[in-house]
Amino acid sequence: MSLNRSEKEAVITEVTDLAAKAQTLVIAEYRGITVADMTNLRVKARSQGVSLSVLKNTLARRAVAGSQFEVVADQMTGPLIYGFSEDAVAAAKVVADFAKTNDKLVIRAGAFAGKVLDVNGVKQLASIPSKEVLLAQLCGLLMSPMSRTAVVLGALAAKKGEGEAVAA
(Lines give C-alpha, C1' and ligand atoms only; values in the text may rest on other atoms or scores of the structure.)
Protein backbone atom coordinates (compact mmCIF):
# COMPACT_ATOMS: atom_id res chain seq x y z
CA MET A 1 0.00 0.00 0.00
CA SER A 2 1.49 3.33 -0.99
CA LEU A 3 1.58 6.32 1.28
CA ASN A 4 0.19 9.70 0.38
CA ARG A 5 2.33 12.81 0.57
CA SER A 6 1.40 13.80 4.13
CA GLU A 7 2.07 10.26 5.41
CA LYS A 8 5.47 10.26 3.71
CA GLU A 9 6.31 13.62 5.29
CA ALA A 10 5.30 12.24 8.71
CA VAL A 11 7.57 9.21 8.24
CA ILE A 12 10.47 11.43 7.15
CA THR A 13 9.95 13.71 10.16
CA GLU A 14 9.82 10.76 12.55
CA VAL A 15 12.98 9.17 11.15
CA THR A 16 14.76 12.54 11.09
CA ASP A 17 13.97 12.95 14.80
CA LEU A 18 15.28 9.42 15.49
CA ALA A 19 18.46 10.14 13.55
CA ALA A 20 19.00 13.41 15.43
CA LYS A 21 18.90 11.63 18.81
CA ALA A 22 20.74 8.46 17.79
CA GLN A 23 24.45 7.71 17.95
CA THR A 24 24.35 4.53 15.88
CA LEU A 25 22.52 3.24 12.81
CA VAL A 26 22.64 -0.39 11.73
CA ILE A 27 21.19 -1.52 8.40
CA ALA A 28 20.34 -5.18 7.81
CA GLU A 29 18.61 -7.13 5.09
CA TYR A 30 15.67 -9.12 6.41
CA ARG A 31 14.64 -11.13 3.33
CA GLY A 32 13.09 -14.48 4.31
CA ILE A 33 12.63 -13.84 8.05
CA THR A 34 9.35 -15.11 9.49
CA VAL A 35 6.92 -12.75 11.15
CA ALA A 36 7.44 -14.49 14.51
CA ASP A 37 11.22 -14.01 14.30
CA MET A 38 10.79 -10.38 13.29
CA THR A 39 8.45 -9.85 16.24
CA ASN A 40 11.02 -11.38 18.61
CA LEU A 41 13.70 -9.10 17.17
CA ARG A 42 11.51 -6.03 17.65
CA VAL A 43 10.68 -7.00 21.26
CA LYS A 44 14.37 -7.52 22.06
CA ALA A 45 15.27 -4.24 20.37
CA ARG A 46 12.57 -2.29 22.21
CA SER A 47 13.80 -3.63 25.56
CA GLN A 48 17.33 -2.41 24.73
CA GLY A 49 16.18 1.06 23.64
CA VAL A 50 16.69 0.42 19.93
CA SER A 51 14.19 1.69 17.38
CA LEU A 52 13.80 -0.83 14.53
CA SER A 53 11.92 0.26 11.43
CA VAL A 54 11.21 -1.13 8.00
CA LEU A 55 11.19 1.91 5.74
CA LYS A 56 11.04 2.73 2.09
CA ASN A 57 14.63 3.37 1.12
CA THR A 58 13.88 6.65 -0.62
CA LEU A 59 12.20 7.96 2.52
CA ALA A 60 15.09 6.76 4.67
CA ARG A 61 17.62 8.50 2.39
CA ARG A 62 15.66 11.75 2.63
CA ALA A 63 15.35 11.42 6.40
CA VAL A 64 19.08 10.94 7.01
CA ALA A 65 20.14 13.61 4.52
CA GLY A 66 22.25 16.18 6.34
CA SER A 67 22.74 13.98 9.40
CA GLN A 68 25.73 11.93 10.50
CA PHE A 69 24.09 8.87 8.92
CA GLU A 70 24.08 10.28 5.40
CA VAL A 71 27.34 8.37 4.80
CA VAL A 72 25.42 5.09 4.41
CA ALA A 73 22.80 6.41 1.97
CA ASP A 74 24.39 4.47 -0.90
CA GLN A 75 23.84 1.20 1.04
CA MET A 76 20.09 1.77 1.27
CA THR A 77 18.84 -0.64 -1.38
CA GLY A 78 16.70 -3.74 -1.08
CA PRO A 79 14.49 -4.89 1.80
CA LEU A 80 16.16 -3.32 4.82
CA ILE A 81 15.50 -2.89 8.49
CA TYR A 82 16.95 0.23 10.13
CA GLY A 83 18.05 0.17 13.75
CA PHE A 84 18.67 3.50 15.49
CA SER A 85 19.96 3.70 19.06
CA GLU A 86 20.98 6.46 21.43
CA ASP A 87 23.37 4.04 23.13
CA ALA A 88 26.46 3.66 20.96
CA VAL A 89 26.48 -0.15 20.98
CA ALA A 90 22.84 -1.17 21.55
CA ALA A 91 21.68 -1.30 17.91
CA ALA A 92 24.78 -3.16 16.77
CA LYS A 93 24.52 -5.61 19.68
CA VAL A 94 20.82 -6.40 19.12
CA VAL A 95 21.16 -6.91 15.36
CA ALA A 96 24.45 -8.85 15.58
CA ASP A 97 23.14 -11.14 18.33
CA PHE A 98 20.01 -11.87 16.34
CA ALA A 99 22.03 -12.45 13.15
CA LYS A 100 24.07 -15.13 15.00
CA THR A 101 20.96 -17.22 15.58
CA ASN A 102 19.11 -16.38 12.36
CA ASP A 103 21.11 -16.60 9.13
CA LYS A 104 18.36 -14.86 7.14
CA LEU A 105 19.17 -11.51 8.77
CA VAL A 106 22.21 -10.17 6.94
CA ILE A 107 23.98 -7.11 8.33
CA ARG A 108 24.61 -4.74 5.46
CA ALA A 109 26.28 -1.69 7.04
CA GLY A 110 26.22 0.73 9.89
CA ALA A 111 27.19 4.24 10.85
CA PHE A 112 28.71 5.61 14.03
CA ALA A 113 30.02 9.14 14.60
CA GLY A 114 29.69 10.01 10.92
CA LYS A 115 31.77 7.02 9.77
CA VAL A 116 30.60 4.07 7.71
CA LEU A 117 30.90 0.67 9.36
CA ASP A 118 31.13 -2.48 7.29
CA VAL A 119 29.84 -5.83 8.55
CA ASN A 120 32.99 -6.46 10.60
CA GLY A 121 32.84 -2.94 12.01
CA VAL A 122 29.27 -3.50 13.19
CA LYS A 123 30.27 -6.82 14.78
CA GLN A 124 33.24 -5.18 16.53
CA LEU A 125 30.96 -2.42 17.82
CA ALA A 126 28.56 -5.10 19.07
CA SER A 127 31.37 -6.83 20.99
CA ILE A 128 32.02 -3.75 23.14
CA PRO A 129 30.49 -4.16 26.62
CA SER A 130 27.53 -1.99 27.52
CA LYS A 131 27.95 1.35 29.29
CA GLU A 132 26.90 -0.14 32.63
CA VAL A 133 29.47 -2.96 32.38
CA LEU A 134 32.23 -0.51 31.44
CA LEU A 135 31.35 1.73 34.40
CA ALA A 136 31.37 -1.28 36.75
CA GLN A 137 34.79 -2.31 35.43
CA LEU A 138 36.10 1.22 35.94
CA CYS A 139 34.80 1.29 39.52
CA GLY A 140 36.44 -2.06 40.16
CA LEU A 141 39.75 -0.76 38.86
CA LEU A 142 39.51 2.36 41.00
CA MET A 143 38.58 0.41 44.13
CA SER A 144 41.22 -2.30 43.70
CA PRO A 145 44.25 -0.32 44.99
CA MET A 146 42.28 0.98 47.96
CA SER A 147 41.03 -2.46 48.96
CA ARG A 148 44.53 -3.95 48.61
CA THR A 149 45.96 -1.20 50.82
CA ALA A 150 43.26 -1.84 53.42
CA VAL A 151 44.04 -5.58 53.44
CA VAL A 152 47.79 -4.94 53.85
CA LEU A 153 47.21 -2.43 56.67
CA GLY A 154 44.82 -4.84 58.37
CA ALA A 155 47.39 -7.64 58.15
CA LEU A 156 50.10 -5.37 59.59
CA ALA A 157 47.81 -4.34 62.46
CA ALA A 158 46.97 -7.97 63.21
CA LYS A 159 50.66 -8.95 63.14
CA LYS A 160 51.58 -6.04 65.42
CA GLY A 161 48.75 -7.04 67.79
CA GLU A 162 50.12 -10.63 67.96
CA GLY A 163 53.62 -9.34 68.68
CA GLU A 164 52.37 -7.27 71.64
CA ALA A 165 50.38 -10.23 73.00
CA VAL A 166 53.49 -12.48 72.94
CA ALA A 167 55.65 -9.81 74.65
CA ALA A 168 53.17 -9.48 77.51
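Select F69 first. In this predicted model, F69 is buried, with a relative accessible area of 0%. Next, add F84 to the selection. F84 has a relative accessibility of 2% and also counts as buried, because buried means under 20%.

Show both side chains. How many aromatic pairs are there? The count comes to one aromatic pair. F69 and F84 form this pair, with 5.8 Å from centre to centre and 70 degrees between the planes. The arrangement is edge-to-face, because planes over 60 degrees apart are classed that way. Now colour the chain by secondary structure and see where each ring comes from. F69 sits in the loop between α3 (57-64) and β3 (80-85), while F84 belongs to strand β3. The pair links distant parts of the chain, with the two positions 15 residues apart in sequence.

Stay with α3 and bring in helix α1, residues 5-21. At what angle do α1 and α3 pack? The angle is about 50 degrees, and the axes are 8 Å apart. The two helices are therefore oblique to each other. Their crossing is right-handed. To view the contact, select K8, V11, I12, V15 and T16 on the α1 side, then L59, R62 and A63 on the α3 side. Sorted by class, the residues of this contact are five nonpolar, one polar and two charged.

Move on to a second pair of helices. Select α4, residues 90-101, and α5, residues 119-127. Their axes come within 8 Å and cross at roughly 105 degrees. That makes α4 roughly perpendicular to α5, because angles of 65 to 115 degrees are put in that class. Which residues of α4 and α5 meet? A92, K93 and A96 in α4 meet V122, L125 and A126 in α5. This contact has five nonpolar residues, one charged residue and no polar ones.

Next, go to the loop between β1 (24-29) and α2 (35-47) and select Y30. Is Y30 buried or partly exposed? At 23% relative accessibility, Y30 counts as partly exposed. Add V106 and draw a line between the two C-alpha atoms: the distance is 6.7 Å, although Y30 and V106 are 76 residues apart in sequence. Beyond its neighbours within four places in sequence, Y30 is in contact with several residues, including M38, V54, P79, L80 and I81. K104 and L105 are also among the contacts of Y30.

In this loop between β1 and α2, select I33 as well. I33 has a relative accessibility of 15% and counts as buried. Its C-alpha lies 7.0 Å from that of L105, with 72 residues separating I33 and L105 in sequence. Leaving aside neighbours within four places in sequence, I33 is in contact with M38, F98, N102, K104 and L105. M38, K104 and L105 can be kept on display from the previous stop, since they were listed for Y30.

For the last stop, select A113. Where is A113 found? A113 is in the loop between β4 (106-112) and β5 (115-117). Most residues other than glycine have a negative phi. Phi of A113, however, is near 55 degrees, a positive value in a residue that is not glycine. With a relative accessible area of 45%, A113 is partly exposed.

Definitions and conventions. Residues are numbered from 1 along each chain as its sequence is written. This is a predicted model: local features need pLDDT of at least 70, side-chain atom pairs count only at pLDDT 80 or more; totals for chains, interfaces and linings use all residues. Side-chain values use heavy atoms; hydrogens and water are left out. Rings of Phe, Tyr and Trp (its six-membered ring) pair if their centres lie within 6.5 Å; planes under 30 degrees apart count as stacked, over 60 as edge-to-face and the rest as tilted. Helices (H or I, at least four residues) and strands (E, at least two) are DSSP runs, numbered from the N terminus. Buried means under 20% relative accessible area, exposed over 50%, partly exposed in between (1.4 Å probe, protein chains only). Axes are lines fitted to C-alpha atoms, for helices over the stretch in contact, and angles run from 0 to 180 degrees between N-to-C directions. Angles under 35 degrees count as roughly parallel, over 145 as roughly antiparallel, 65 to 115 as roughly perpendicular and the rest as oblique. A crossing is left-handed if the near helix is turned anticlockwise from the far one by less than a right angle, and right-handed if clockwise. Contact means heavy atoms within 4.5 Å. Ala, Val, Leu, Ile, Met, Phe, Trp, Tyr, Cys and Pro count as nonpolar, Asp, Glu, Lys and Arg as charged, and the others, Gly among them, as polar.
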